[in-house]
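Visitor: I have a structure to look at and would like some help reading it. Could we go through it together?

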Amino acid sequence: LVIGIDRSVTRLTKNKYYNKKQQQEEVMTEEQNDNEMNNMNFTQFIPPNILLVRAELASFWQCVYNDNLQPEQPPNDDDDHHHSWPKIKRHYLLYPNPYPKPKRIQSRWYGHPSFPLLMNPIISGECVIVRSNWKGYLEEFALSANFVEQLQEQVSKWNMEGPTRLFFDNGDEANVPLTNFETKYVDCGEPVYELVLHR
């Protein structure tokens, strides 16, 4: 399961699945009912292993954390809504707003009050991958992760790789930009970097 989270509907819908919806709308004939076009939801084009969520990321982390602290209840045959969060394998932060002005440091993820929550294994999983076009952001992120790790006295320590500059090969389908922001930076020749923290 891949969960994509953003507080912006505009950014959530800027994807190839939304484009498929628009293409299908364009080929609809005028005889088709307007209601059919209005009811067409781009989520029907999304593969079943992808979930797009409009949410504040810190609030989402808190919900996942709280849910995982509850003792696991045996499934109830009468309860169709029973679920438990899957174990998180990798957690990506892709091109977070760097808030470059020093007075906004608490808005950066590594200065945000919820940062210790991200560093908790329940939320971070086995690996946290952060990408940015600002290398300094990733260097400060790594320092903050080390600091939180010492405060939390975590048993499993972070191993860090990077920040490393990324290069993309147009001929390699496995090595392509992951986001629209990344594509934009690569297309204009701006360097992009990746920091990998894994346990």
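Guide: The following turns discuss one helix, one strand and the core. This is a predicted model: local features need pLDDT of at least 70, side-chain atom pairs count only at pLDDT 80 or more, and totals for chains, interfaces and linings use all residues. Residues are numbered from 1 along each chain as its sequence is written, and side-chain values use heavy atoms, with hydrogens and water left out.

Visitor: How many residues does helix H7 have?

Guide: Helix H7 (residues 135-152) has 18 residues. Helices here are DSSP runs of H or I with at least four residues, strands are runs of E with at least two, and both are numbered from the N terminus.

Visitor: Which residues of H7 are buried?

Guide: They are Gly136, Tyr137, Leu138, Phe141, Ala142, Ser144, Ala145, Val148 and Glu149. Buried means under 20% relative accessible area, with a 1.4 Å probe and protein chains only.

Visitor: And what follows H7?

Guide: Glu153 follows H7, and its phi is positive, near 50 degrees.

Visitor: Changing topic, which residues in the largest nonpolar core touch the most other members?

Guide: Of its 26 residues, these are Trp61, Leu93, Trp109, Phe115, Leu118, Met119 and Phe141. H7 gives the largest share of this core, six residues. A nonpolar core is a set of buried Ala, Val, Leu, Ile, Met, Phe, Trp, Tyr and Cys residues joined through side-chain atoms within 4.5 Å.

Visitor: What about E3, which residues are on its covered face?

Guide: His91 and Leu93 form the covered face of E3, while Arg90, Tyr92 and Leu94 form the uncovered one.

How values were computed. The expected span of a helix is 1.5 Å times one less than its number of residues. Buried means under 20% relative accessible area, exposed over 50%, partly exposed in between (1.4 Å probe, protein chains only).
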